[in-house]
Amino acid sequence: MVLACQNICKAFGTDEIIKHASFHIEAGEKAAIVGINGAGKTTLLRIIMQELSADEGEVVTAKGRTLGYLPQNPDIQGNRTIYEEVLSAKEYVMGLEQRLLGMEARMQEVPSGELTSFMESYHRLQQEFEQLDGYTYKSEIAGVLKGLGFSEGEFGKRMQELSGGQRTRVCLGKLLVTKPDIILLDEPTNHLDIGAITWLESFLANYRGAALIVAHDRYFLDKVVTKVVELDRTRVTVYQGNYTAYAHKRAQVRETLLKQYYNQQREIQHQEEVIAKLKSFNREKSIKRAESREKMLAKVERLEKPTEENTDIKLHLEPRIISGNDVLKVEQLAKAYPGQQLFSDIDFEIRRGERVALIGDNGTGKTTLLKIINDMVQADAGTVTLGTNVHIGYYDQEHQVLHTEKTLVEEISDAYPELTNTRIRNVLAAFLFTGDEVFKRIGDLSGGERGRVSLAKLMLSEANFLILDEPTNHLDITSKEILEQALNQYAGTIFYVSHDRYFINKTATRILNLTGETLVNYIGNYDYYLEKCQELTQIYAPGAARDQEKPPAEQTSQSGAGGRLDWKQQKEEQARKRKLASDLRRTEEAISGHEVRIAQLEEQFSDPVIATNSAELGKLQAEYDRLKEELSQLYEKWEALAMEE
């Protein structure tokens, strides 16, 4: 155990946030904290980091273990470049490097009588430097920054030039290269595109330390965590497994609790009927028996009916009129900003009833494309044609369509003046704004609350073509599920940008990937995109495919003489060989695992019970085909690695 929360309680005034919360994290374990917005997830992280004090209980960290924390909106100051900011996390390693170089420079001058002691000190220092990955720390920093979506050309940007999201990514990179024993991350995927999230998944899955993560990205949680800590109505419940396992077990627990509740209610009703019957006899013996049963019934501990969180949100999207079959046609569209070509000569069409997801790396122009279609940004070239009777409803990820000085009531009534005050209050109540909350200023709302207001306006628009820019940002998991259901039942057409892969998988009927200044089309959901990505990118965006294949540029030191450079190059080569051997070993293990499972499946195929069960046989055959294809790719990878040895 490296971290334990024991009986943690926290309240703000009369509002209890956390009550008697206890859980622990093992060495190397990756765990998630889940719950609705406002449940106290960030509060719990801040208590663990001792930024807030608990009212009761304690946080215990194993002796000598270090903690690292990434808040949602880190405050970072100074005029360093991106690279310098992350490099500052390696200050101790750089100090060791300078000491080693200084000792090497003096090595020829050490008196023979002191040489043995000198070399022992040198080797101790060298061993510590190597254990801290000192020979590869510069390439490690470059790799982390690239993984988080920064190009080499951006490494020299000053921190003061960056957006809030970019600063958060720099802080995440700085935290990751410090390699604390326990990483605490609060919504780390909020400002990452799909490529960067995938990279972070791989990083955390292979990270030797432990991690405690607050996130609403279900796909990410499925890939990374093996334990879920649920914070629900001040109470903590721990579930083993990833997010899907948690959701399944939680549904089972709720079903069991519901059965227990209804069984108890039936028993209580039965006892009350018996008591009433006995009293109706109006005989002393019957009355005593009735009183005895009443006393027993009074001692029964009444079960509370389990309720689902956030199910009060009522989101129903319905177009007022039906559009024509051809909803949108884009031809030879191009857009560039000074020094940056976003896209050129792109063509695509969207037909009625489609739910099309637009994906791509940060900076490729996804939001710009949506704004061009919505006539908010002018294209450099090309045309955008809307079909017959098409009415757009637009959801802006920054909620710039909301007016920060208006109250919630004013925001709705000004947009829809025909609505009565009662109707406006009912709509806001459907999105969990009740009582005096309807008079809050938009500017005083949280990101999640603004998202709910935007969804309310979207519902009222009765549009038949929804254009959504990151609609799941700041929404908790339950709200996302409600939005998914509403979109899947919507009779109109949807075109949206999202980096939430679980959401895309649940809602998209088609995916457009904006890469290499062009669009690649995938007729399917996110799983289909993953299956076909490499193949179709190679065909339709070969420039982007080549960029993906380029290895990260090697970082070389510009300081020191040729001898020092040779020494460092030699050490980096040793590190490269160690990594190659590790990759080769892992690939061989994967091949072995696939071969064992394939043999098991082949044995199952001969089982008469399975052979006559078409559904089970189809499921096993799909797994068999997938494993065979993956095995072929693993053999190719093994051959390539073996060639490098």
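This passage describes the fold, strand pairing, cores and cavities of a predicted model.

The protein has 645 residues, and 45% of them are buried. Its secondary structure comprises 21 helices and 18 strands. Along the principal axes, the C-alpha atoms fill a box of roughly 115 × 70 × 70 Å. Contacts between residues at least 6 apart in sequence were examined by separation, and 69% of them join residues at least 24 apart.

Strand β12 spans residues 355-359. Buried residues account for 5 of its 5 positions, so β12 is largely enclosed by the rest of the structure. In a regular strand, side chains alternate between the two faces of the sheet. In β12, R355, A357 and I359 point one way. V356 and L358 point the other way. Both sets are buried.

Two strands pair with β12. One is β16, residues 493-497, which runs parallel to β12 over 4 bridges. Within this pairing, V356 stands opposite F495. The other is β17, residues 510-515, which is also parallel to β12 and is joined to it by 4 bridges. Here A357 has I511 as its bridge partner.

Strand β10 also has two partners, but the sense is antiparallel. Strand β10 covers residues 326-337 and pairs with β11, residues 340-351, over 8 bridges. V330 of this pairing faces F348 in β11. The two strands form a hairpin, with 2 residues between them. In the turn, G339 has a positive phi of about 80°. Strand β10 is further joined to β13, residues 381-386, by 5 bridges, again in the antiparallel sense. E331 takes T383 in β13 as its bridge partner.

A backbone feature marks β10 as well. Most residues other than glycine have a negative phi. Q332 is not a glycine, yet its phi is positive, at about 50°. This residue is found within β10.

Two further residues have positive phi values. E462, a residue other than glycine, has a phi near 50°. E462 lies in the loop between α14 and β15, the latter formed by residues 465-469. Its relative accessible area is 38%, so E462 is partly exposed. D375 has a positive phi of about 60° and comes just after helix α11.

Helix α11 itself, residues 366-373, is mostly covered. Of its 8 residues, 7 are buried. Three of these are L369, L370 and I372. The buried set also includes the lysines K366 and K371. T368 and I373 are buried too.

The largest nonpolar core holds 55 residues. Within this core, I213 and F220 touch the most other members. Helix α6, residues 164-178, gives the most to the core, with 6 residues. The surroundings of F220 were then traced, leaving aside neighbours within four places in sequence. F220 is in contact with P188, T189, I197, L200, E201 and L204. Its contacts also include I213, A215 and R501. F220 and I213 therefore do not only share a core; they are in contact within 4.5 Å. A second core, separate from this one, has 52 residues. Among its members are L317, L408, Y490 and Y496.

Internal space was examined next. Rolling a probe the size of a water molecule over the atoms shows where empty space is left. The count comes to 3 cavities of 30 Å³ or more. The second largest encloses about 50 Å³. Its lining is made up of I313, L315, F431, R452, L455, L475, S479, I482 and L483. Two elements give two or more residues to this lining: α14, residues 447-461, and α15, residues 477-489. Helix α15 gives the most, with 3 residues. By class, the lining divides into 7 nonpolar residues, 1 polar residue and 1 charged residue. R452 is the charged one and S479 the polar one.

Methods. Residues are numbered from 1 along each chain as its sequence is written. Side-chain values use heavy atoms; hydrogens and water are left out. Two strands pair if DSSP finds at least two bridges between them. A nonpolar core is a set of buried Ala, Val, Leu, Ile, Met, Phe, Trp, Tyr and Cys residues joined through side-chain atoms within 4.5 Å. Buried means under 20% relative accessible area, exposed over 50%, partly exposed in between (1.4 Å probe, protein chains only). On a 1 Å grid over the protein atoms alone, a cavity is a set of points where a 1.4 Å probe fits but cannot get out, and a pocket is an open set with protein on both sides within 12 Å along at least five of seven lines; lining residues have an atom within 4 Å of a point. Grid points are joined across faces, edges and corners, and a volume is the space filled by probe spheres set on the points.
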